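Thank you all for coming; I would like to walk you slowly through one structure this morning. Please take a moment to look at it before I begin.

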Amino acid sequence: MRSKEKNMDLTSTENILDSEKKFSKKDKWADKPAMEVRDLHFSYGKNKVLKGVSLKIEEGKITTIMGANGCGKSTLFSLMTKNLYPRKGNIFLKGKNVQNLNLKEFARKVAIVQQYNSASDDITVENLVAFGRTPHKKMMQGDSAEDERMIQWALEVTNLTEYRDREVSRLSGGQRQRVWIAMALCQGTKTLFLDEPTTYLDIRYQIEILQLVKKLNQEFGITIIMVLHDINQAIAYSDNVIGMKDGKVLVEGDPEEVITEESIRELYGIELGVTRVDGRKFVLAV
Amino acid sequence: MSEKETELEKATESGRISEADAADLSGQDKARKHRKTAKAAISFIVMIVLLVALFFAAVNIGSLKVSFPELLKGLFVKYNEDVATIYDLRFPRIVISMLAGAAIAVSGVLFQAVLKNPLADPGIIGISSGASFAAVLITAFAPTLFFFTPLFAFLGGVVAFVLVYSLSWKGGLSPLRIILVGVAVDAMFTGLSSGLNSMNGGDMSGVAAIVNGNITMKTWDDVRTLVPYVIVGLVLALIFTGMCNLLSLEDKTARSLGVNVNLMRIIISMIAVLLASISTAVAGVISFLGLIVPHIGRLLVGSDHRALVPFSALFGAFIFLLADTIGRTIAAPYEVSAAIIMSVVGGPFFIILLRRSKKYAK
């Protein structure tokens, strides 16, 4: 077991994204979904928040979790990202139960951009992004050539190379969100979670972040799982949506098919029209 | 730059900043970064020079005076009565001042990182008085266990910390609540120590020394008590500087990077309690040092703990030695303890910080 881990370490220092691919090819779980949730239950005290959630996340796709406030989507997100532990049920990452992975092992396979972030006032973009290498390092270990390469790559992909020496506190909201995404990318994982990545941003930066997410998915094949509030953005940018209500999955699948006037009524309890402009589906959310 | 990236750049900046401007800005950032690095490097060098200068000044301040060559000669080459007296009487308190100053300052840095609160100070939040009370208990009731005083002081500090942490936890740690609960815990332990002192007739020099932070009569034995703990504490603090940096992120974010945040909190807290308690056991309760030093340190070397921790150690050693040296010259032949000097200077400083900080004193 120990030597197997060591081997993985060696390959991962050569090229993380490629080695993950190589590894997953040999893996007997290769044809398993990126993530699978089976009969998940969770409650805060007596308040049952999740009542038997089961779902599959397809590899290489963008999946958006949506639903009204209090439907359990944040709890589901926390459980899938190992921030909470399920009372009952299991979560599998490529067929492996995530409960059997420690935080560090999990962080080498799954990166998470949390909804609310903060950092010290004077940290530079590059130093903050470099935190993303933490799960690949031992304590006190400096940056290897591989770490450097991943940091440069993450900065380039998020268009932050020019801002690398600037303090994060001096960036705009949209740029700051890109820094947190860059930090997550730096972990070199094939799966990326984002919790309401557009919440604190104005519309221009919202679109910018969603386009970046799409680019990460299309160019680098990263599996994306995110929570979004805006139904139209969910339709436009997701391959799959998961609609939740009262701690259960109500709809699951291609937004073109599953987002309808009926499903919106059930999910949000409001009558909204659904129309098409240039062949694209829109919900009249006003 | 590839076509796609240029396109995205256009989309993201929507033509507000041209590429030439962007290059210019990144040049400015670079220059700014270099200025900061230079400032930090100069701060370190100046601090080391000042500390060495103060050390020799402190050696020479008092009724006995020797020249620098005489001192070196007396220490390393040939016996000299004056130098020997200075070595036995002044050196221990100087070394203790520096070690305790370094320990308390670094303890402050660590508490601030763990509690995410720039106003946390082992003196203010009651860690030192918890440690002090335990030390007083041992001195009063089991003087034969004197050798284990540091250990009991540490346990006292742990009890105080657990009290402050658990009592100020209310679904989260509010910076102000930590200070308020800390002040109450501090008052309680200080009262207990003073009460114990009074009950014993108030003339127990050992107890009084711990309560009042008196380091007049320190010997090389006290130095030997302090050295191993302080060195272990400082080395551990240096090892965990990277983790302190990660704790500056939101807990959830640090966790998503594979960091066991709660475990790190406990470990770093225990290092901070160790440093504060040990110095309290030998040098008494010193308030505000762990607050002032890291605060100025952040302005000079930045908030990266890899620089802040070693700088605070040097700066803390300097400030404590300065306070002790001023204390024994300001009203010679009477002595004012370093603890009193720190309180008189530190109190106003703390109020200024409170008033200037938008975040913590609404």
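Let me start with helix α13(B), in which the buried residues are B:Leu289, B:Gly290, B:Leu291, B:Ile292, B:Val293, B:Pro294, B:Gly297, B:Arg298 and B:Val301. By buried I mean that 20 or more other C-beta atoms, placed from the backbone, lie within 10 Å of the residue's own, whereas 12 or fewer would make it exposed and anything in between partly exposed. Helices (H or I, at least four residues) and strands (E, at least two) are DSSP runs, numbered from the N terminus.

I should say early that this is a predicted model, in which local features need pLDDT of at least 70 and side-chain atom pairs count only at pLDDT 80 or more, while totals for chains, interfaces and linings use all residues. Residues are numbered from 1 along each chain as its sequence is written, and chains are lettered from A and ligands numbered from 1 in the order in which they are written.

Staying with α13(B), its 13 residues, 289-301, should span 18 Å at 1.5 Å a residue (taken times one less than the number of residues), and the C-alpha atoms at its ends are indeed 18 Å apart. After this helix comes B:Gly302, which has a positive phi, near 90 degrees.

B:Leu289 also appears among the residues with the most contacts inside the largest nonpolar core, which has 172 residues; such a core is a set of buried Ala, Val, Leu, Ile, Met, Phe, Trp, Tyr and Cys residues joined through C-beta atoms within 7 Å. Its largest share, 18 residues, is supplied by helix α4 (residues 81-115) of chain B.

Where do the two chains meet? In all, 26 residues of chain B are in contact with 29 residues of chain A, contact meaning C-beta atoms, placed from the backbone, within 7 Å. On the chain B side, α1 (3-13), α2 (19-60), α10 (241-247) and α11 (251-256) each supply at least two residues.

Finally, in chain A, strand β8 (residues 223-227) has 5 of its 5 residues buried, with A:Thr223, A:Ile225 and A:Val227 on one side and A:Ile224 and A:Met226 on the other. Strand β3 (residues 62-67) of chain A runs parallel to β8(A) and is joined to it by 4 bridges, pairing being called when DSSP finds at least two bridges, and A:Ile62 stands opposite A:Ile224. Strand β7 (residues 191-195) of chain A also pairs with β8(A) in the parallel sense, over 5 bridges, with A:Phe193 as the bridge partner of A:Ile225.

Note on methods
Two residues are in contact if their C-beta atoms, placed from the backbone, lie within 7 Å.
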